[in-house]
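Here's a quick briefing to read with the model open beside you. Start with the contact between the chains, then work outward from there.

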Amino acid sequence: VAGVEERPALATALRRGTLEFCVLAMLADGERYGVELVRQLGAENALATSEGTLYPLLSRLRRAGFVATNWQESTSGPPRRYYALTVDGRAALTHFKTEWTTFRTAVDRIVGTESR
Amino acid sequence: MTQAHDQLVARYLEAVVRAAAELPAHRRDDLVVDLREHIESARADLVEGAGGETADAVAAILRRLGDPVAIVNEARLGLTPPPAPTPPMFVTAPPRARRRLPVWGTVLISVAVAVVILCVGTMALGAVLFQQPSRESPVSGTPVDAPSFRPPAPTPS
């Protein structure tokens, strides 16, 4: 009964609180060009997010001081905005990793989805 | 051709602005600037690419960006709160059924403690009253003096 309508709501609920850390994790190895970052996340079907919805997310991360942006000249077209992890962003990511592992383990155990 | 593509983009951004009417102005401006930048960069990549910029390719950029309303809904959200948010001042009382067990537990523990105190107290009193003669001179004065505090036996009248 509560099937088709529930699924997008579930995906939204699961995404909330985790997607921002996926963004931070993607910046862990170095700064990234915004369009490229957004394209890669938008292409992850399981995350069920359009490229456009990632900009408000990036904007929040910027306001929170977790990411910083800078402009770099491009050989084609306008200058490109690059996103980089800040010290606070890296700390937030580290904290999330611990929390996530604990959370995931508990849910897996209760729901019965442990990998064997 | 490019003018037609510009119009496509302009219509999309107008739809974003309309959907974002209730957002604070700076948030709305941030959002539109971000999306415009994305579109311009993506279009520049098209021009660089082999296929050039076609209407389909521009439409695809906008389609991947997604529904303006969904984007604005995302912009309404806050970040996940940082660790340890302050607890609310007033919490609604938990349902009665969940509290009952702890209350019973407390009552049981209280009764048990009372019984133990009574038993130990009785034994201690008994020890003081009845073992007195066998003790010569304890360090503490109280047990020695204890007999003098005994009320005199009622004299039969």
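**Across the interface**

Arg80(A) and Asp45(B) pair up in a salt bridge, with their closest N and O atoms 2.7 Å apart. Keep in mind that this is a predicted model. The count of salt bridges between chain A and chain B comes to six, while a search of the whole structure turns up eleven over all chains.

**How the two chains meet**

- Chain A puts 27 residues into the contact, and chain B puts in 27 residues too.
- Between them, chain A and chain B bury about 2300 Å², with 52% of that on carbon and sulfur atoms.
- On the chain A side, Glu51(A), Tyr55(A) and Arg60(A) lose the most area to chain B, and together they make up 23% of what that side buries.
- There's also a salt-bridge network to look at, linking Arg62(A), Arg81(A), Asp34(B) and Glu37(B).

**A buried pair between the chains**

- Glu74(B) and Arg60(A) join their side chains in a salt bridge, at 2.8 Å from N to O.
- That pair crosses between chains, running from helix 4 of chain B, where Glu74(B) sits, to helix 4 of chain A, home of Arg60(A).
- Buried or exposed, what are Glu74(B) and Arg60(A)? Both of them are buried.
- As a general point, side chains of opposite charge can pair when their charged atoms come close.

**Helix 4 of chain B**

- Helix 4 of chain B covers residues 68-76, and its buried residues are Pro68(B), Ile71(B), Val72(B), Glu74(B) and Ala75(B).
- These residues span an arc of only 155 degrees around the axis, so they end up on the same side of helix 4 of chain B.
- What do the buried residues of helix 4 of chain B pack against? Their partners are helix 4 of chain A along with helix 1, helix 2 and helix 3 (55-65) of chain B.

**Helix 3 of chain A**

- In chain A, helix 3 (residues 34-42) has Gly34(A), Val35(A), Leu37(A), Val38(A) and Leu41(A) buried.
- Their arc around the axis is only 160 degrees, which means they sit on the same side of helix 3 of chain A.
- The cover over the buried residues of helix 3 of chain A comes from both chains: it includes helix 2 (19-26), strand 1 (32-33), helix 4 (54-63) and strand 3 (80-85) of chain A, plus helix 2 (25-48) of chain B.

**Arg43(B) and its two partners**

- Arg43(B) meets Asp6(B) in a side-chain salt bridge, 2.9 Å from N to O.
- This pair links distant parts of the chain, since Arg43(B) is in helix 2 of chain B and Asp6(B) is in helix 1 of chain B, 37 residues apart.
- Arg43(B) has a relative accessible area of 12%, so it counts as buried, whereas Asp6(B), at 37%, is partly exposed.
- Arg43(B) also forms a salt bridge with Glu53(B), where the closest N and O atoms are 2.9 Å apart.
- Glu53(B) lies in the loop between helix 2 and helix 3 of chain B while Arg43(B) is in helix 2, so this pair ties together parts ten residues apart in sequence.
- With 21% relative accessibility, Glu53(B) counts as partly exposed, because buried means under 20%.

**Chain B as a whole**

- Chain B is built with six helices and zero strands, so to speak α-α-α-α-α-α from the N terminus on.
- Of its 157 residues, 21% count as buried.
- Among chain B contacts between residues at least 6 apart in sequence, 59% join residues at least 24 apart.
- Ala10(B), found in helix 1 (residues 2-19) of chain B, is partly exposed at a relative accessible area of 32%.
- Ala10(B) and Arg36(B) are 26 residues apart in sequence, and their C-alpha atoms are 9.2 Å apart in space.

**Surface**

- Chain B exposes about 11700 Å², and carbon and sulfur atoms supply 65% of that.
- On chain A, Trp100(A), Phe103(A), Val107(A), Ile110(A) and Val111(A) make a nonpolar surface patch of about 500 Å².
- Val107(A), one of the patch residues, is in helix 5 (residues 87-111) of chain A and is partly exposed, with a relative accessible area of 34%.

Methods. Residues are numbered from 1 along each chain as its sequence is written. Chains are lettered from A and ligands numbered from 1 in the order in which they are written. This is a predicted model: local features need pLDDT of at least 70, side-chain atom pairs count only at pLDDT 80 or more; totals for chains, interfaces and linings use all residues. Side-chain values use heavy atoms; hydrogens and water are left out. Helices (H or I, at least four residues) and strands (E, at least two) are DSSP runs, numbered from the N terminus. Buried means under 20% relative accessible area, exposed over 50%, partly exposed in between (1.4 Å probe, protein chains only). Contact means heavy atoms within 4.5 Å. Accessible areas come from the Shrake-Rupley method with a 1.4 Å probe; for residues, only the protein chains shown count as cover. Patches are made of residues with over 30% relative accessible area and no salt bridge: like charges are joined within 9 Å, nonpolar side chains (Val, Leu, Ile, Met, Phe, Trp, Tyr) within 5 Å. A salt bridge is a side-chain nitrogen of Lys or Arg within 4 Å of a carboxyl oxygen of Asp or Glu. The arc is that of the directions from the helix axis to the C-beta atoms. Buried area is the accessible area (1.4 Å probe) that two parts lose on being put together, summed over both.
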